[in-house]
Amino acid sequence: MNNINQSSLYLRVCQHAERRLGMDSYKDPGAWMSDLRQFVRLEKEMLRRYHEKRDPGTTVCHAYAVMIDVLMDSLLSNAKRGWLLNNKELPTRMAIIASGGYGRSELCPHSDIDISLLYGSQSGGKLREFQEWITGHVLYPLWDLKFTVGHASRTIKESIAEAKADMQTKTSLLQSRHVCGDAELSEEFQEKFRKFLQKDAPEEYLKTRRKDQKARRAKHLNTVFVQEPDIKNGVGGLRDYQNLIWMAEVKFGISSIDGLLDAGYIQKGEYTELLEAYDFLLRVRNELHFQSPRATDVLLLEIQPLVAFSLGYRHRTLLKRVERFMRHYYAHARNIFTLTNALEKHFLLPEETEKGFRIRFGQEDSRTVDGFLLKDGELELIADDTFEEDPVRLVRVFRLCQQYEARLGPRLVRKIQESRNLLTPAVAADEHACKAFRSILQTAGQVYPALSSMHDLGILGRFLPEFEGLTCLVQHEFYHRYTADIHTLTTIRNLDEVFLRDEPLHQKFRECLRETKVPTILYLVLLLHDIGKSKGIKGHAETGVEMSGPIMDRIGIPSSHQEPILFVIEHHLAMSRFAQKHDVDDPETCQLFAEFIKTPDLLRFLYVHTYCDTQGTAPGLWNSFKETLLDSLYRGTLQHLMGREGVLETAEKLKLELRWQINERDLEILPQEEVDAHFDTLLPRYFLHTSVTEIELHLRMVHELLENLQEGGEVAALVPVVNWEDDLDRGFSIVTLVTWDRPALFCRLAGAFTLSGLNILGSKAFSRTDSITIDTFFVVEPGGGVVENNDTREQFVREMRGTLQELRHMLDRIQEQEDTPEDKGFLNRAPDRLSVPFPPKVRVHKEPTLRRNIIEVQARDSLGLLYKLAREISHAGYDITFARVTTENSVALDTFHIETIPSGDEISMEQLEVLRERLEKLVVETAEDDGEVVVE
């Protein structure tokens, strides 16, 4: 029943309602609305005051429920008074029952208000008229007051029948309570509902709830540690806590955390942690609702600084403020998830398995292992003093789970949590503990479940205190979507998949690792590769090397293994950055990278590490185009490192082989002199990375270009010959263009792609010495994937003709589309654009070995950005000889190699600096036009 009306808060709100609403006589709802609005406005202002003076989240939510209770009672009382003016009596008993969050007396500022209008009967002459009267006097005013009300009109029998048919209704009614009206009718309902719960297949309900929990958590990536957590439905969110109470109610008839404590299902420390965590999450949710005109439960990146500040995190540096706030959020959410997940399994049948540790023993198989009972694929305690007797077991228990492919039993999970303080630095350095940990890392394909479980239970950070610095560490980098600890563990899961899965991608990396002497040392590399971030993001690789040496000495890693591990940790970003900046099809590029890497094994480790690291950074960050770049760099570099013949000699051999294959083909109308010219006017790198099929295509396209020159003159020859090819396996379209080389060619082609609504993933160009250029662009539609729309392809040809043949200007048209992209349908961005501000950057440098002048741009991606950058470079008097275009999470990461027009002149650093300033001004202005705030 309802105990709210015993509180001083309830009495205060009642007194306010009496003064404000004048409840001594019937009020017409329409005429009464002004007073009702004023009452609600003032009470909501009181709620905000409670919140701002740092009252607990549960207190604020309870106060809101009290206000709704008083409002509901006032509306129902007024409705009854009005009905009795024209009728002798009510046609049936009637009460209002709160359910869901309102039933728990727990409402955030924009929470739904779920109620049942409970009637004693659903028959009678005036019953329908009475129900309509109640609706008009209770529900309609609530809607007019802008409340979101979920409601149902039922008898007791109908309510229980609906609960039996629908689990959501059953769950909603679990914590229902009387609000106002006939208290005896509410008590009758509660009694019958309790009896229904006791006999309505409680085990089925528990299993269904657990299944729902797993599905919901999977939707939120099965981790607490995402950058934009959902406070209500995310892992470790409010729903996890509430689900625990629902399951306890059905299983044991326990309807509160207090009841679980009294019954011994949780300990005092766990009880305190749960209450503190739940209250913290409610405070955060209240703050979110106060800041928003509507209900929202996701802590978006752009709102985190303001939420943190409002909740008392006042660090002067914005990122530090958010980091501290989010660390507290993750810690509380993890406490909720860890305990509720363990208790959920405890409430269920024992045969439920946890993903990662598989059952391999039969139902009757059991044995004792190192003081634990192993039965039915589950490791459980035998004695309560197991860890006191030998604290090394706090590490070894995870090795046992891995070794026997078993899961941790619920009692053992809680005992590990209670005993983690026994894992002192001395125990962590114990020879046997270190040996067990090394064994975990050496079991290819099964490392992630063990380390993840160690981390969830607080053991990993005790064994490796340096790793604890990554726990809950928010990474304010535009491409990261997880906290540093979860990113690290995800990379390890990716390596498990490399060893276990049979997809071509994983087979490729697995075969690569098997060429190394000790493939599994990559697990330790991944575990330590970001360890330096605990000291700060900047220079974290170098810091990681300094921290990793002592760690490896402590846990007993042989010195022969330490050197390659430290090299990959220090340079774990090198391969992706090098592929981003340079033309990986150029033999000189691969030679330069080979001189940096030095040995094939280091290359192999770095290659696979780059995949695992990228794949573990954010969903979708690894893609087929990135794979193609890394594959090319890997193969080219490996050829140098393996001491094979020189690349130029290889290119000459390939050139001869390809020429022979072309001569064997029936090229029909192609004159021999055109074939000879093609092979004589191209640089060696063309033949290293071009198949005979591609060469035939290029020859036919060059022939068509020359025919256009003969038939239509120079004007016709200005328009490229175009070929489209869809690569469904890699998910992009390949657009090949053959044309006469000219200044600003890349700029104009980029503009044509932009106006056609296409995104450029990358490009490569091969120029013949007779001024014919073969350009290849890898493009996708705005949402990704091959370009299937023929109208889009035709539009590109029209735009290309307009800019190359008619010299039509594009900037104004691109700007117009940028202002109204939703009407044009071009370059629609994903809804989860990065919201943490970052400064746009432009870097320029010279690569003396490759004789390259390089420009790197990091900027918010926007419609026409690539065209604007290329146009600015062209107007400055430079030509783009190579471009690598990448977009990650709506951030453009573009690299250009430039030379003078005409080519041959040296570009000084002073000239590059002038260009840098012009480009930086452009990207800053673009960011400001997009409404981005640039924060250093």
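Let me start with a cysteine. The sulfur of Cys-434 has its closest cysteine sulfur in Cys-401, 19 Å away, which is too far for a bond. Cys-434 is also buried, at a relative accessible area of 2%. Now take Cys-612. How far is its sulfur from the closest cysteine sulfur? The distance is 11 Å, to Cys-512, so this one is too far for a bond as well. Cys-612 counts as buried because its relative accessibility is 0%. The cut-off for a disulfide is 2.5 Å between sulfur atoms, and by that rule the count for this model is 0 disulfides.

I should say what we are looking at. This is a predicted model. The chain has 936 residues, and 56% of them count as buried. There are 41 helices and 16 strands. Along the principal axes, the C-alpha atoms fill a box of roughly 110 × 70 × 55 Å. If we take the contacts with a separation of 6 or more, 71% of them are between residues 24 or more positions apart.

On confidence: the average pLDDT over the chain is 86, and 91% of the residues score at least 70. Residues 349-364 fall below 50, and in the model this stretch has 42 contacts beyond near neighbours in sequence. A second stretch, residues 821-837, also stays under 50 in pLDDT. For residues 821-837 the model has 39 contacts beyond four places in sequence.

Next, the strands towards the end of the numbering. Strand 14 covers residues 852-860, and 8 of its 9 residues are buried. Which strands does strand 14 pair with? One is strand 13, residues 841-847, antiparallel, over 7 bridges. The other is strand 16, residues 891-900, again antiparallel, with 8 bridges.

Strands 13 and 14 make a hairpin with 4 residues between them. In that turn, Arg-851 has a positive phi of about 55°. Next to it in the numbering is Arg-852, in strand 14, and Glu-847 stands opposite Arg-852. On the strand 16 side, the bridge partner of Glu-856 is Thr-895.

One more strand residue, from elsewhere in the chain. Thr-776 is in strand 12, residues 772-780. Is Thr-776 buried or exposed? Its relative accessible area is 6%, so Thr-776 is buried. Leaving out residues up to four places away in sequence, Thr-776 touches Ile-734, Val-735 and Thr-736, and also Gly-762, Ser-763 and Lys-764.

Now the aromatics. A pair of aromatic rings is described by two values, the distance of the centres and the angle of the planes. How many aromatic pairs are there? The count comes to 31. Take Tyr-140 and Trp-143: the ring centres are 5.2 Å apart and the planes are at 80°, so this pair is edge-to-face. Both residues lie in helix 5, residues 127-144, and they are 3 residues apart, about one turn of the helix. Tyr-140 counts as partly exposed because its relative accessibility is 45%. Trp-143, at 31%, is also partly exposed.

Another edge-to-face pair is Tyr-686 with Phe-766, at 5.1 Å centre to centre and 85° between the planes. Where do these two residues sit? Tyr-686 is in helix 34, residues 684-688, and Phe-766 is in strand 11, residues 759-767, so the pair ties together parts that are 80 residues apart in sequence. Tyr-686 and Phe-766 are both buried.

There is also an aromatic cluster. It is formed by Trp-724, Phe-746, Phe-753, Phe-777, Phe-796 and Phe-896. For orientation, Phe-777 falls within the range of strand 12, residues 772-780, and Phe-896 within that of strand 16, residues 891-900.

Last, charges over rings. The charged end of Arg-493 sits over the ring of Tyr-448, at 5.2 Å from the ring centre. What sits over the ring of Phe-509? That is the charged end of Lys-508, 5.0 Å from the centre.

Technical notes. Residues are numbered from 1 along each chain as its sequence is written. This is a predicted model: local features need pLDDT of at least 70, side-chain atom pairs count only at pLDDT 80 or more; totals for chains, interfaces and linings use all residues. Side-chain values use heavy atoms; hydrogens and water are left out. Buried means under 20% relative accessible area, exposed over 50%, partly exposed in between (1.4 Å probe, protein chains only). Two strands pair if DSSP finds at least two bridges between them. Rings of Phe, Tyr and Trp (its six-membered ring) pair if their centres lie within 6.5 Å; planes under 30 degrees apart count as stacked, over 60 as edge-to-face and the rest as tilted. A charge sits over a ring if NZ of Lys or CZ of Arg is within 6 Å of the ring centre and within 35 degrees of the ring normal. pLDDT is the predictor's confidence in each residue, from 0 to 100. Contact means heavy atoms within 4.5 Å.
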